[in-house]
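Q: Please take a close look at one part of this structure, the disulfide and its surroundings, and explain how that part sits within the rest of the fold.

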Amino acid sequence: MNHPKFCTYVLYSLKDEEFYIGYTTDFDRRMSEHEQGKSKSTAPRRPFVPLLCEYYFSEKDSLRREDYFKTNAGKRTLRLMLKESLLEVKRAKS
């Protein structure tokens, strides 16, 4: 069986301390685009730290997860899931 190719990802902005949630089939390329400021929605919010990348076989599953993470409930879930990681990132920033 092939590897899953659809990725839902969560970045954390060190500038505004908020999440950016996205979807891609090429995480490395997409991360590079964010880092280089090639995305209008994220360029002013750089730099970013990648916190989470979930891979799915189904594009619909990946997009559904992205949509969920963008809700208030999804963001609360992320803050609980990534509590220790967020503390580490904030500690390293200081």
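A: What follows starts at the disulfide and then moves outward to its surroundings.

The model is a predicted one, and the count of disulfides in it comes to 1. The pair consists of C7 and C53, whose sulfur atoms are 2.5 Å apart. Since C7 belongs to strand 1 and C53 to strand 3, the pair ties together parts that are 46 residues apart in sequence. The two cysteines can also be described by their accessibility: C7, with a relative accessibility of 0%, counts as buried, whereas C53 has a relative accessible area of 30% and is partly exposed.

Next to C53 in the sequence comes E54, which also lies in strand 3. With a relative accessibility of 16%, E54 counts as buried, because the cut-off for that term is under 20%. The side chain of E54 is joined to that of Y56 by a polar contact of 2.4 Å, and to that of R65 by a polar contact of 2.9 Å. When its neighbours within four places in sequence are left aside, the residues in contact with E54 are F6, C7, T8, R65, F69 and M81, so that list brings in both C7 of the disulfide and R65 of the polar contact.

Two nonpolar cores complete the setting. In general, nonpolar side chains of soluble globular proteins tend to be buried together. The largest nonpolar core here has 11 residues, namely V10, Y12, F19, I21, L51, L52, F69, L78, L82, L86 and V89; strand 1, strand 2, strand 3 and helix 4 (83-93) are the elements that give two or more residues to this core. Apart from it lies another core of 7 residues, and C7 is among them, together with Y9, Y20 and M31. F69, a member of the largest core, is in contact with E54. Y12, also in the largest core, has contacts that include F19, L51, L86 and V89, leaving aside its neighbours within four places in sequence.

M31, listed with C7 in the other core, leads to helix 1 (residues 27-35), in which F27, R30, M31 and H34 are buried. Seen down the axis of helix 1, these buried residues fall within an arc of 100°, so they line one face of the helix. Among what covers them are strand 1 (6-13), strand 2 (19-24) and strand 3 (48-56); strand 1 and strand 3 are where C7 and C53 lie. After helix 1 comes G37, with a positive phi near 75°.

Definitions and conventions. Residues are numbered from 1 along each chain as its sequence is written. This is a predicted model: local features need pLDDT of at least 70, side-chain atom pairs count only at pLDDT 80 or more; totals for chains, interfaces and linings use all residues. Side-chain values use heavy atoms; hydrogens and water are left out. Buried means under 20% relative accessible area, exposed over 50%, partly exposed in between (1.4 Å probe, protein chains only). Helices (H or I, at least four residues) and strands (E, at least two) are DSSP runs, numbered from the N terminus. The arc is that of the directions from the helix axis to the C-beta atoms. Contact means heavy atoms within 4.5 Å. A disulfide is a pair of cysteine sulfur atoms within 2.5 Å. A polar contact is a pair of N or O atoms within 3.5 Å; within protein, one must be able to donate a hydrogen and the other to accept it, and residues adjacent in sequence count only if both atoms are side-chain atoms. A nonpolar core is a set of buried Ala, Val, Leu, Ile, Met, Phe, Trp, Tyr and Cys residues joined through side-chain atoms within 4.5 Å.
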